[in-house]
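Dear colleague,

Please find below the sequence and the structure that I promised to hand over to you. My notes on what was found follow underneath, and I hope that you will read them with the structure open beside you.

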Amino acid sequence: MIWNIIGTWIAAGLTLAIFSFLYKDNPFYKFAEHLYVGVSAGFGVIYVWAFDLKPMLVDRFVAEQGIERWILLIPAILGILMFSRWIGKIGYLSRLPISFTVGIGAGLGITASIQGFLLPQIQATLLPLTTINNILLVVGVITTILYFYFSREFKGKSSYLLKLGIVFIMVSFGASFGYTVMARISLLIGRIFFLLSDWLHLI
Amino acid sequence: MDKGKNLKLPALFCKGWVVLLVVFIFSIAFSQIPRVVVSEPLSAPNGLKAYDKPNDGGSTIVLKWQIVPADTIAGNGFVGYEIFRAEHRDNDFENVGFALRGSGVYEDQTTIDGKDYYYYVSAVYPEGAAASDYIGPVQSKAQWFNLARLNVLIFTFLICFLIIWYIERAKKGEKLFIRKIAGLDAIDDAVGRATEMGRPILFSFGLSSITDVVAIAALSILSKIAKKSAEYQTKLLVPNYDPILMTAAQETVKQSYTEAGRPDLYNPTNMPFLTADQFGYAAGVDGIMLREKPGAVFWQGYFYAEALIMSETGHSIGAIQIAGTTAITQLPFFIASCDYTMIGEEMFAASCYLKPEPQMLGSLKGEDTAKAIILAIFVIIVIIGTAGALLHKSLPFLNTTFEYLYNWFIVQ
């Protein structure tokens with residue numbers, strides 16, 4: 001019980017210290033910031049060990065048999081190569097795991113984007129121009145794509161297409177802005193509720 | 001006569017009782033008969049089919065059957081269907097699954113590829129079960145190609161072909177035109193402004209990791225900024241969220257400083273790893289901005305909810321801010337709080353414009369051509385759809401064509 005109270009007071013104090021940033025930089029904010037960065041970095045190290053390295057490499061290396069066991073050495077060696085940066089002469093070896101990761105990311109990204117974004121979005125906009133909604137959607141898609149067409153300079157009358165495209169983009173951003181602000185306000189409400197309820201017991 | 005009559009009365013009386021008895025017996029018997037006749041035998045599922053699941057990685061057999069009549073009547077207590085399987089038809093069949101009522105299909109996902117299986121389906125009633133005839137042998141197997149995703153393959157080949165085609169053309173020295181992005185001039189202005197004010201430059205990748213394509217584009221932009229900062233001898237700060245991206249960023253900056261002829265200015269401690277926690281990183285970057293007061297801030301990469309927190313702080317210290325991200329949800333915040341924002345693909349175009357290498361130029365040109373082709377296909381299908389909707393009586397084939405084309409884009 002006493003530990004809960006102490007924990008609540010520490011959390012409330014750190015919340016207020018972070019909020020004090022709204023006034024200006026001050027020692028309380030600095031303390032909370034450094035504590036947060038340090039604790040989260042430390043937590044990250046433990047997390048990687050507990051949820052990645054140990055279960056996916058160490059434990060599996062012990063448990064697996066045959067080729068499935070030895071294949072785990074490949075990611076282990078790639079991981080170790082990252083430390084070669086500290087040894088000047090062989091520092092270039094650290095580029096191997098980086099290029100391996102970039103290659104995998106790019107390769108997986110191609111099909112994932114086509115399958116997950118491109119084709120579904122094309123299909124969703126294949127609409128007959130029989131309603132105002134459909135016309136707006138189709139015109140919006142065409143002009144927006146033209147805005148992101150970089151191989152040609154749009155001058156004169158064709159530049160209006162780009163302007164129309166940016167209007168559509170901005171309208172969508174405006175809607176997204178309002179929607180996200182509402183979501184952020186709910187986060188603020190959550191924090192203020194913690195201060196007033198758990199800490200001060202006012203509500 | 002009277003005697004005779006008297007004699008006949010008991011006989012008639014007796015006969016009456018006999019008749020009544022017979023009627024009674026028959027009525028009971030007939031009352032029982034309809035129950036036996038009306039009560040139909042429990043019907044078993046008909047039309048059972050079993051086949052390997054198409055376009056999958058194996059280990060699945062699909063069973064289909066016609067649901068029994070009792071399954072169509074609500075509230076009669078009909079339970080569902082039990083699936084039985086055996087490896088030989090003479091073996092004991094074992095229960096391998098259950099399909100709820102109303103369902104005429106079941107996928108057995110526990111098969112071993114290449115092995116024969118026999119199945120039957122049993123309809124489960126409150127009063128018992130009725131089994132179908134068995135079917136088999138049937139085998140599951142993996143398919144090399146998922147033909148249902150042929151559309152993905154075609155588009156992947158198309159886009160890859162175009163990109164490789166343009167890269168080869170760029171390698172041969174062909175000049176490929178890329179229009180200039182508005183925010184690009186601002187990069188030089190921002191670096192110059194920070195130098196004039198005697199303040200450092202801050203560059204952040206946000207929460208990008210090295211596997212994000214946007215991070216690769218951001219590295220090109222960082223390279224350009226690093227080169228300028230080396231020329232102007234302006235301090236460049238790059239706080240990092242991802243340790244691997246930090247390594248790549250340090251390599252990039254080191255290279256740029258060397259190219260600018262000032263490798264002595266390179267200081268890796270200006271590019272520290274902060275934390276891999278979202279808001280911990282935001283707090284750290286905010287702190288650095290308040291203390292170091294950079295004159296120019298670059299937000300280039302992938303950002304989440306921390307975008308506004310950091311860019312608002314940048315605005316409050318009076319820095320010129322240039323953002324670029326593909327995070328659609330964060331773009332509105334950057335547009336509201338930064339001086340220039342590169343929207344989505346503009347960032348890739350910017351990195352390409354700054355570093356016009358054949359690979360980057362070819363990629364962008366290939367992508368642009370793919371866009372043009374997609375746009376043309378899109379316009380043609382929309383015209384067919386519109387004409388089909390307006391002329392559906394006189395030209396019904398247009399609607400059919402539109403539906404076919406529409407369904408072709410479905411990804412299964």
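**Strands in chain B**

In chain B, strand β12, which covers residues 320–325, is joined to β13(B) by 4 bridges, and the two strands run parallel. Please keep in mind, here and in everything below, that this is a predicted model. As one place to look at within this pairing, you could take B:G324, which stands opposite B:M342 in β13(B). In general, the strands of a sheet pair through backbone hydrogen bonds, and they can do so either parallel or antiparallel.

These strands belong to an open sheet of 5 strands in chain B, whose order is β10-β9-β11-β12-β13 and whose pairing is parallel. The edge strands of this sheet are β10 (236–237) and β13 (340–343) of chain B, each of which pairs on one side only.

**Chain A as a whole**

What does chain A contain in the way of helices and strands? Chain A has 7 helices and 0 strands, and along the sequence its pattern reads α-α-α-α-α-α-α.

As for its overall dimensions, chain A has a radius of gyration of 27 Å, whereas a compact globule of 203 residues would have one near 17 Å. If you take the principal axes as your directions, the C-alpha atoms of chain A fill a box of roughly 65 × 65 × 35 Å.

Turning to burial, 27% of the 203 residues of chain A count as buried. The area that chain A exposes is about 13,700 Å², and carbon and sulfur atoms supply 76% of that area. Among the contacts in chain A with a separation of 6 or more, 27% are between residues 24 or more positions apart. The side chains of chain A include 14 positive and 8 negative ones, and the centres of these two sets lie 14 Å apart.

**One residue in chain A**

To finish with a single position, A:V139 has its place in helix α6 of chain A, which comprises residues 132–147. Is A:V139 buried, exposed or partly exposed? Its relative accessible area is 32%, and because buried means under 20% and exposed means over 50%, A:V139 counts as partly exposed.

Leaving aside residues up to four places away in sequence, A:V139 touches A:L164 and A:F168. The C-alpha atoms of A:V139 and A:I122, which are 17 residues apart along the chain, are separated by 13 Å.

With kind regards

Terms used: Residues numbered from 1 in each chain as written. Chains lettered and ligands numbered in written order. Predicted model: local features only at pLDDT ≥ 70, side-chain atom pairs only at ≥ 80, totals over all residues. Heavy atoms only, no water. Rg over C-alpha atoms; globule rule 2.2 N^0.38 Å. Buried < 20%, exposed > 50% of the residue type's maximum accessible area, 1.4 Å probe, protein only. Contact = heavy atoms within 4.5 Å. Areas by Shrake-Rupley, 256 points an atom, 1.4 Å probe, with all protein chains shown as cover. Lys, Arg positive; Asp, Glu negative; His and termini not counted. Charge placed at Lys NZ, Arg CZ, Asp CG, Glu CD. Pairing = 2+ DSSP bridges.
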